[in-house]
Amino acid sequence: MGGESTTRTAPRSGGTGTAASGGRLGQRLSGVAVALGLVLFLGGFGWAALSYRPYTVPTSSMTPTIDAGNRVLAQRVDDGDQVRRGDVVVFRDSSWVTGSDVVKRVVAVGGDTVSCCTDGRLTVDGKQIEEPYLPKGTLAENQNFATVTVPKGRLFLLGDERQGSLDSTAHLTDAAKGTVARTAVIARVDAVVFPWKGGLKRPTGFEALGPLSQPGPLATIELLIVVGAVLVLGGGAYGPIAKRAGRSRARAARAEAAGVR
């Protein structure tokens, strides 16, 4: 009529059912992501609480590995037989310090003979030990001491700052010749966390004497916590993002519909 022609466009909402279904699927997936993220996040912290103990090191006897005031994470040790040469450990011995924990490095275990110094190096079972963790330019020991044979079930410990450390060399005249019982060890330091220095380097100088301790599960725990946090934040952000995207699509559809009338 009057030569008018009417153009009708098919509604673009033909995919509404699919879009709605996709929205429901997205909501379900976001819920799963949040739930899984919470499990990983909380599980990581729970694992850390069961495996590690935090300590603040009050002295500089372990400098530069651990400075005074540094906060460390030490893996709990239930069996002293887990302690090996090169480990930095936390122990309690009332003959050393009463009512306080001590942090030192194990340099010899039961049955070893230890002495210093040969060509400026600590000697264990006749082998000169490379100690890159010592402060640069310092001696392996500030005094020569006679060879000590470590009794079975005991440990010989030194600080990394040898000149200022009250370690086994300060107790050589004791009945135990400066050694500490394995059972006195309560934890093995795995990392310096404040200020952040990360995991302790492996004491490779002791490898010729036997296997070294393996790092604790701290790296795995950190991964669980980070992945969990990402999943929780990502899943929680899905709803607001999807809602905003839906409003943007709706405005675009209305603008397009108005343009074709």
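Buried residues account for 37% of the 261 residues in the protein chain. The model is a predicted one. Its secondary structure comes to 2 helices and 12 strands. From the N terminus on, the order of elements is α-β-β-β-β-β-β-β-β-β-β-β-β-α.

**Whole chain**

- Contacts with a separation of 6 or more are counted here, and 67% of them in the protein chain join residues 24 or more positions apart.
- The protein chain has an accessible surface of about 15100 Å².
- Carbon and sulfur atoms hold 57% of that surface.

**Strand S11 and its partners**

- Strand S11 spans residues 185-194 and is mostly covered.
- Of its 10 residues, 8 are buried.
- Strand S2 (residues 71-76) runs antiparallel to S11, and 6 bridges join the two.
- Within S11, Val189 is the residue opposite Ala74.
- Strand S3 (residues 88-91) also pairs with S11 in the antiparallel sense, over 3 bridges.
- Phe91 has Val185 of S11 as its bridge partner.
- Strand S12 (residues 196-199) pairs with S11 over 3 bridges, again antiparallel.
- Val192 faces Gly198 of S12 across that pairing.
- The connection from S11 to S12 is a hairpin, with 1 residue between the two strands.

**The open sheet S7-S6-S5-S8**

- An open sheet is built from 4 strands in the order S7-S6-S5-S8.
- The pairing in this sheet is antiparallel.
- Strand S7 (127-128) and strand S8 (145-149) each have a single partner strand, so they stand at the edges and one side of each is left without a neighbour in the sheet.
- Strand S5 (residues 113-118) and strand S6 (residues 121-124) are antiparallel partners, with 3 bridges between them.
- Val114 has Val124 in S6 as its bridge partner.
- In a regular strand, side chains alternate between the two faces of the sheet.

**Aromatic rings**

- The number of aromatic pairs comes to 3.
- One of these pairs joins Phe91 and Trp96 in an edge-to-face arrangement.
- The two ring centres are 5.2 Å apart, and the angle between the planes is 85°.
- That angle is over 60 degrees, so the pair counts as edge-to-face.
- Phe91 has a relative accessible area of 0%, so this residue is buried.
- Trp96 has a relative accessible area of 12% and is therefore also buried.
- The cut-off behind both assignments is under 20% relative accessible area.
- Phe91 thus appears in two roles: as the bridge partner of Val185 in S11, and as a member of the edge-to-face pair with Trp96.

**A charge over a ring**

- Arg105 lies over the face of Tyr133.
- The distance from the ring centre is 3.6 Å.

**Lys136 in the loop between S7 and S8**

- Lys136 sits in the loop between S7 and S8.
- The strands that flank this loop, S7 and S8, stand at the edges of the open sheet.
- Lys136 has a relative accessible area of 85%, so this residue is exposed.
- The cut-off for exposed is over 50%.
- Lys136 and Pro64 are 72 residues apart along the chain.
- The C-alpha atoms of Lys136 and Pro64 are separated by 9.3 Å.

Note on methods
Residues are numbered from 1 along each chain as its sequence is written. This is a predicted model: local features need pLDDT of at least 70, side-chain atom pairs count only at pLDDT 80 or more; totals for chains, interfaces and linings use all residues. Side-chain values use heavy atoms; hydrogens and water are left out. Two strands pair if DSSP finds at least two bridges between them. Buried means under 20% relative accessible area, exposed over 50%, partly exposed in between (1.4 Å probe, protein chains only). Rings of Phe, Tyr and Trp (its six-membered ring) pair if their centres lie within 6.5 Å; planes under 30 degrees apart count as stacked, over 60 as edge-to-face and the rest as tilted. A charge sits over a ring if NZ of Lys or CZ of Arg is within 6 Å of the ring centre and within 35 degrees of the ring normal. Contact means heavy atoms within 4.5 Å. Accessible areas come from the Shrake-Rupley method with a 1.4 Å probe; for residues, only the protein chains shown count as cover.
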